[in-house]
Amino acid sequence: MGTALEWLLAMNQGGQPRFEAAVQAMSAGEAPSVVAAVLWAAGAVDAPLASSQALRRSTLAWRQKSGVAPEGFREVAIELIANETLSFLADGLFACGLRHGLLISPIWRRFDETVAEVRQSGLGGTPLDLAMILAPGELLGEPGGAPRALDDVGMLAQAFASARSARVVVATLPARIGEPKNSSDLVIADSPRAQRARLNAGLVDLCRAGRAIAWDMEALAGRVGASDWFDPRLQLHAKIPFSLAATMRVADDLAAVIAGAMGHNRRLLVLDLDNTLWGGVIGDDGSSGIVLGQGSAAGEAYLEVQRAALELRRRGVALAVCSKNEEGNAREPFRRHPDMLLKEEHFAAFVANWQDKATNIRAIAEELSLGLQSIAFLDDNPAERERVRQVLPEVAVIETGEDPARYASRLLQSGFFEHLPLTAEDRARAADYQANTERSAMLTRAGSYEDYLTSLAMELSIAPFD
């Protein structure tokens, strides 16, 4: 399956000592807020379930001893509703939640028993943060199974929202063991494959109607690959829907969706320039000498990074530049290079100087009135990434690796930018941050607060409500 979470720092790159130090520190009673942030921002890509279990036990022991959640962390109660066994996901989900500032406490409930409970007596229990519903795939082998499964999911979504005040996450279904793979199954109305497609489409409609939040487990299974996703023995003997090797990948993906639902996603992406948005060093090569655009694999790879950043901005993630450069040189490609997709107006902050990047990121956060836990950082230089990890552990640092062709996918698959549901206000947020920066700059230039207000040229309109 390859590296499960390749955008995090691998164990053999220094993740293992950090992991062991974090567990020991929490076992000794140290506050896990900084330790956990360092651990999961740096990443422990290859951490097995046993390591996640040790991390969970150490953190919960500290939590019980102190009587309060670590500063900056939010406790999340979630129920996982599925006929398949998901109880073993608890340790991995907890560990992956730490890097989002969440202490996730999952409880597994059977889907069919929960449906029966709702039909017979309603859904009781204490208020809940989230409920994740995985529809029973076994229904798809029966005629009309997809509509029945969709009706049950809709009923449970309504019950959890009304009786438990929970936000509901629904998972799309990957193919199951034994599902036919013939092309003709696409057009046979009641084939398992066609019913699964119908069920997943219905779940998406449920989310579009605002009744649930989507978790695309089908897409995740596709990225992992069928041969690594399925373990026939586990599925048949223990009703576990995916292999143990994929557990941390599943936990990480679901934790990202939970973080988005709880408002713990990253709202600002800070970008390096040289060898991150283009190839080469602008101060040495000039605008005409950098590698960018059609005609070379590397040039197209950097275009993909810019395209990914623009897509995130369209979804409400603000962008900022943090570069060790002369400012005039740093701005030149945005103004002169014909293949630049990103322009100066796309950035809420633009910092190019020779200070260390941790200091500049802190200044950007203050300028935009954002907490450090709202920031993600993309830089090709491992020394710069390490410096930010050490000084600003709350900032999410994304491992680029050495191949520019992977930069964009690692950025988008990091899980730091899930934000569901996406509203018009969310989409406008990046522009709002930029407007706030421009207002601050105008206030700085103005001789007095009155001059600043005059420079805004505001107009007041008074009219009855319509």
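Which strands does helix H15 lie across? Helix H15, residues 357–368, lies across E6, E7, E8 and E9, and runs at about 150° to E7. Keep in mind as we go that this is a predicted model.

Let's step back and take in the whole chain. There are 466 residues in the protein chain, and 52% of them are buried. Its secondary structure comes to 19 helices and ten strands. Look at the contacts with a separation of 6 or more, and you'll find that 74% of them involve residues 24 or more positions apart. On the outside, the chain exposes about 20,800 Å², with carbon and sulfur atoms supplying 51% of that.

Now back to the sheet under H15. Five strands make up this open sheet, in the order E8-E7-E6-E9-E10, and the pairing is parallel. The edges belong to strand E8 (349–353) and strand E10 (396–398); each has a single partner strand, so one side of each has no neighbour in the sheet. From one strand to the next, the twist averages 20°. Further in, strand E6 (residues 268–271) pairs with strand E9 (residues 375–378) in the parallel sense over four bridges. If you want a spot to zoom in on, Leu-268 has Ile-375 in E9 as its bridge partner. Helix H14 (residues 327–336) packs on the sheet too, touching strand E7 (318–324) and E8, and its direction makes about 130° with that of E8.

Follow the chain out of H15 and you come to Ser-369, in the loop between H15 and E9. Its phi is near 55°, a positive value in a residue other than glycine. That's worth a second look, because most residues other than glycine have a negative phi. Ser-369 is exposed, with a relative accessible area of 66%. Ser-165 also has a phi near 55°, and this serine sits in the loop between helix H6 (145–163) and E4. At 54% relative accessibility, Ser-165 counts as exposed.

That loop leads us to strand E4. Four of its five residues are buried, so E4 is largely enclosed by the rest of the structure. Strand E3 (residues 130–134) pairs with E4 in the parallel sense over five bridges, and Met-132 stands opposite Val-169 in E4. In the loop between strand E4 (167–171) and helix H7 (192–208) you'll find Ile-188, which counts as partly exposed at 44% relative accessibility. Together with Leu-186 and Val-187, Ile-188 forms a nonpolar patch on the surface, with about 320 Å² of accessible area between the three.

Finally, the charged pairs. Side chains of opposite charge can pair when their charged atoms come close. The structure holds 23 salt bridges. One of them joins Arg-223 and Asp-253, whose closest N and O atoms are 3.3 Å apart. Arg-223 lies in helix H8 (residues 217–224) and Asp-253 in helix H11 (residues 247–261), so this pair ties together parts that are 30 residues apart in sequence. Arg-223 is partly exposed at 38% relative accessibility, whereas Asp-253 is buried at 17%.

Another salt bridge takes us back to the sheet: Lys-324 meets Glu-384 at 3.1 Å, N to O. Lys-324 lies in strand E7 and Glu-384 in helix H16 (residues 382–391), so parts 60 residues apart in sequence are tied together. Helix H16 also holds Arg-385, whose side chain meets that of Glu-399 in a salt bridge of 2.9 Å, N to O. Both Arg-385 and Glu-399 are buried. Elsewhere, salt bridges that share partners join Glu-79, Arg-109, Glu-117 and Arg-164 into one network.

Notes:
Residues numbered from 1 in each chain as written. Predicted model: local features only at pLDDT ≥ 70, side-chain atom pairs only at ≥ 80, totals over all residues. Heavy atoms only, no water. Patch = residues over 30% accessible without salt bridge, like charges linked within 9 Å, V, L, I, M, F, W, Y side chains within 5 Å. Areas by Shrake-Rupley, 256 points an atom, 1.4 Å probe, with all protein chains shown as cover. Salt bridge = Lys/Arg side-chain N within 4 Å of Asp/Glu carboxyl O. Helix = DSSP H or I, 4+ residues; strand = E, 2+ residues; numbered from the N terminus. Buried < 20%, exposed > 50% of the residue type's maximum accessible area, 1.4 Å probe, protein only. Pairing = 2+ DSSP bridges. Axes fitted to C-alpha atoms, helices over the stretch in contact; angles between N-to-C directions. Contact = heavy atoms within 4.5 Å.
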